[in-house]
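Here are my notes on the model you sent. They are numbered so that you can reply point by point.

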Amino acid sequence: MIETVKHLISSSGPSGFGSRSTADHVTANSDIGSVTAIITGATSGIGAETARVLAKCGARLVLPSRSIKTAEETKARILSEFPESEIIVMHLDLSSLASVRRFVADFESLQLPLNILINNAGKYAHKHAISEDGVEMTFATNYLGHFLLTKLLLKKMIETASLTGVQGRIVNVTSVIHSWFSGDMLHYLADISRSYRNYDATRAYALSKLANVLHTLELSRLLHKMDANVTANCVHPGIVRTRLTRDRDGFVSDLVFFLTSKLLKSVPQAAATTCYVATSPRLKNVCGKYFSDCNEARTSKSGSCNLKAQRLWTASELLISQASTPNVSQTF
């Protein structure tokens, strides 16, 4: 309730920013220099605005996408505004572990540094589907693909930070909806990866977003243990109507968004927290935190459970190490 009131009155927090701040606003005084950033899901909505603003700040962008054509269109829009930007388009399907591995191999062949990784891509699937790796599609796209992507790119990020002295940043885009999930995560994942009978689109989405939070928690612990000059944090961008809901368009969706319009953010406002966490000098050495409206916030009780984070990490390692069609139910 308190957070809702703060949102409605556009109250600023300790950072000096709040729910109505835009990505341009929070990066106005950012000097990120010549950094390289990978941003998933950057062809529309929050990701596209994040890419535009980081390009404005001078970052070299790598835009992975399932559709090269759509990514090239995004690149063209950014270049029309910032002609000096360096933007690289590459293919990536996050629902496919093989595609993630190919992307990382192709990126490494470019011999570029990597300073910022923004795991932004997200999917809300009304219809039940299974990935080519035998994992429920929402979880595969929103979490497991990003888990593998981060794991494979981490060495490059640590090396870049060591060579340049510039702290690397990993930003996982989650949602307050992570707090909606209750029950055993891995049992539910095994269930919906095996059958559609108990599939609920909102619960599956909440599961994937809780996984994003727990990934951040455990990753931050491991980064600290490694003494790496890289941080990992997660963000709730706010409620905004983007292409995330493209499988859910219709009267009910339109009605819900109309009734909650006072809580909705514009896309530039929704991209603000991601850009703030990715660039703000105030967040040097801040790791393992959850941000909302450009300020540190609390996760759900499950989202702060170290035991659940470690259990999920172990299960994720098993999933990405198996053959192309793992039996998820047997894994857990």
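1. The sheet. In this predicted model, eight strands make up an open sheet of mixed pairing, with the order S3-S2-S1-S4-S5-S6-S7-S8. The edge positions belong to strand S3 (87–91) and strand S8 (295–297); each has a single partner strand, so one side of each is left without a neighbour in the sheet. From one strand to the next, the twist averages 25°.

2. Strands S1 and S2, and the helices on them. Strand S1 (residues 36–39) pairs with strand S2 (residues 60–65) in the parallel sense, over three bridges. One residue to look up here is Thr 36, whose bridge partner in S2 is Arg 60. Helix H3 (residues 45–56) packs on the sheet and touches S1, S2 and strand S4 (116–119). The direction of H3 makes about 170° with that of S1. Helix H4 (residues 68–81) also packs on the sheet, where it touches S2 and S3. Its direction makes about 170° with that of S3.

3. The larger picture of the chain. The protein chain holds 13 helices and eight strands. Of its 332 residues, 55% are buried. Taking contacts between residues at least 6 apart in sequence, 77% join residues at least 24 apart.

4. Helix H8. Helix H8 (residues 201–226) consists of 26 residues. From first C-alpha to last it reaches 37 Å, close to the 38 Å expected at 1.5 Å a residue. The helix is mostly covered, with 19 of its 26 residues buried. At the N-terminal end, Asp 200 acts as the cap: one of its side-chain oxygens lies 3.2 Å from the backbone nitrogen of Thr 202. Just after H8 comes Asp 227, which takes a positive phi of about 55°.

5. Asn 142. Is this residue of helix H6 (residues 137–164) buried or exposed? Asn 142 has 1% relative accessibility; buried means under 20%, so Asn 142 counts as buried. Leaving aside neighbours within four places in sequence, Asn 142 is in contact with Ala 121, Gly 122, Lys 123, Tyr 205, Ser 208, Lys 209 and Asn 212.

6. Val 267. This residue lies in helix H10 (residues 267–270). Its relative accessible area is 25%, and Val 267 is partly exposed. Val 267 and Ser 44 are separated by 223 residues in sequence, yet their C-alpha atoms are 9.7 Å apart in space.

7. Nonpolar cores. Which members of the largest nonpolar core touch the most other members? Among its 58 residues, they are Phe 103, Phe 107 and Phe 139. The elements giving two or more residues to this core are S3, helix H5 (97–109), H6, helix H7 (185–194), H8, strand S6 (230–236) and helix H12 (306–321). Not counting residues up to four places away in sequence, Phe 107 touches Ile 38, Val 62, Met 90, Leu 112, Pro 113, Leu 114, Leu 153 and Lys 156. Apart from the largest core lies another one, of 36 residues, including Leu 61, Ile 116, Val 173 and Ala 271.

Notes. Residues numbered from 1 in each chain as written. Predicted model: local features only at pLDDT ≥ 70, side-chain atom pairs only at ≥ 80, totals over all residues. Heavy atoms only, no water. Pairing = 2+ DSSP bridges. Helix = DSSP H or I, 4+ residues; strand = E, 2+ residues; numbered from the N terminus. Axes fitted to C-alpha atoms, helices over the stretch in contact; angles between N-to-C directions. Contact = heavy atoms within 4.5 Å. Buried < 20%, exposed > 50% of the residue type's maximum accessible area, 1.4 Å probe, protein only. Expected span 1.5 Å × (residues − 1). Polar contact = N/O pair within 3.5 Å; in protein donor to acceptor, adjacent residues only side chain to side chain. Core = buried A, V, L, I, M, F, W, Y, C linked by side-chain atoms within 4.5 Å.
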